[in-house]
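Biologist: Hi! Could you walk me through this structure in plain words?
Modeller: Happy to, let's look together.

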Amino acid sequence: MITAGLLLSSSAWAQIQINISGAVAFRDTSYRAIRSLYGANLSSQNPADAPGTENQLKVTWAGTIPTLFGAQTVTIRAYYNGANAGIQDLTQNRNVSYLTASTPGDTNTVNLQSDVAYSSVFQQSTAFLTPVLDDIRFGVTPVHFVKSTTAPAGLTNITSQQFRTLAANGALPGWFFTGNTNDTGLIYYVSRDPSAGQRTIVQKENGFTANPIFYTWVTNAGLPQFVVDSTGRTSTQIRDLLNVAGPAISYLTGVDAINVNGGANILSFNGVKAFLGAYNSISNNPLPVVAGQYSQWGYEHLFIRTTASQNIRNFRNALLAKIQIDLQTSAYSVPINKVLVERTAEGGPVSPQ
């Protein structure tokens, strides 16, 4: 197998391959940063650039990046498979399924090892502790509790206590959240899968250490209903589910939360939202995160192996530089140098820097 980041065999000796996996929360910023690295030298991309392509979980690009690799063709493949999954990919040298070609519409896949992984959690918060990876933190991303479009209007806030009770039971009467005894219908808990850093962040932030009970929305014999879910959902599945399902609560980062009723269904957490005013896809005020009033957030990490080639190191540095530019106007995340607080672990104390 060809090692990504190294020159290929004689049939394609001038090509470089770099493979990225990991957190879904930063896929929009990653998309823009990679396109910026190529600039006018991007020759092809799969799927083709269009509104919404930045939210795709799998993208493959090809072209040249003269500032890094001269005239050599550079193929970058990305599959955003989850923050914990990205760390597992690097520590276990696990194969990841990428789109093979940068030709728009080509659905063929190839199994390759990841070279770079995004994550929204520290490595020590995962089960994949060795070998220790080379970690750079570059941003902060809040995780929002979000209700479904069918949930009671009076459901506007969730507390840590309420979340622990919901996760332990899987469903609770609406009045438990709204205070209105007429809200007797059940509200169901929908969760991310174990590969997700968001799941780690939410459970650690709220002190939930047991095995959660959660549901998903399916149609059985023509009847839509909630059924117990043993695996959890991806972020895009949760986004779509909350737009059509019966009353439910889940959690998403901004890139997906904005697509549930235009962001209007984001809940306060312990009485505070991660932003001031109405939420939108252009620009938000993240002061509650920046100043420490909203604590359900994770750092954005960019991991590589300590044995990574110089090509991979150079690529990561260049990618980080482009990301920092993009973050200055990001609607969903905050550059790390603008955050006034810090923490050393998910769910850990937030304190002034």
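**A covered helix and some unusual backbone spots**

Modeller: The buried residues of helix α3 are Ala83, Asn84, Ala85, Gly86, Ile87, Gln88, Asp89, Leu90 and Thr91. Keep in mind that this is a predicted model.

Biologist: Okay! How many residues of α3 are buried, out of how many?
Modeller: The count is 9 of 9 for α3, which spans residues 83-91, and the helix is described as mostly covered.

Biologist: What covers the buried residues of α3?
Modeller: The cover includes the strands β1 (15-22), β5 (95-99), β7 and β16 (297-304), along with the helix α6 (197-205).

Biologist: And what is the phi of Asn93, which follows α3?
Modeller: Asn93 has a positive phi, near 50 degrees. That is worth a look because most residues other than glycine have a negative phi.

Biologist: Let's stay with phi, then. What is the value for Ala221?
Modeller: Phi of Ala221 is near 55 degrees, so here is a positive value in a residue that is not glycine. You'll find Ala221 in the loop between β12 (215-220) and β13 (223-228).

Biologist: Is Ala221 buried or exposed?
Modeller: Exposed, because its relative accessibility is 89% and the cut-off for exposed is over 50%.

Biologist: What about Asn261, where does it lie?
Modeller: Asn261 is in the loop between α8 (254-257) and β15 (268-269). Its phi is positive too, at about 55 degrees. Asn261 counts as partly exposed because its relative accessibility is 43%, and partly exposed covers values between the 20% and 50% limits.

Biologist: New topic: cis peptide bonds. Which residues does the one with omega about 0 degrees join?
Modeller: That cis bond joins Asn46 and Pro47. Pro47 sits in the loop between β2 (42-46) and β3 (58-64). Another cis bond runs from Thr130 to Pro131, with omega near -5 degrees.

Biologist: And where is Pro131?
Modeller: In the loop between β7 (116-119) and β8 (134-147). As background, most peptide bonds are trans.

Biologist: Last one, strands! Do β10 and β11 run parallel or antiparallel?
Modeller: Antiparallel: 3 bridges join β10 (residues 171-173) to β11 (residues 186-189). Within that pairing, Ala171 stands opposite Tyr188 of β11.

Biologist: In which sense does β11 pair with β14?
Modeller: In the parallel sense, over 2 bridges, with β14 covering residues 248-253. Here Tyr189 has Ile249 of β14 as its bridge partner.

Biologist: Great, thanks!

How values were computed
Residues numbered from 1 in each chain as written. Predicted model: local features only at pLDDT ≥ 70, side-chain atom pairs only at ≥ 80, totals over all residues. Heavy atoms only, no water. Pairing = 2+ DSSP bridges. Helix = DSSP H or I, 4+ residues; strand = E, 2+ residues; numbered from the N terminus. Buried < 20%, exposed > 50% of the residue type's maximum accessible area, 1.4 Å probe, protein only. Contact = heavy atoms within 4.5 Å.
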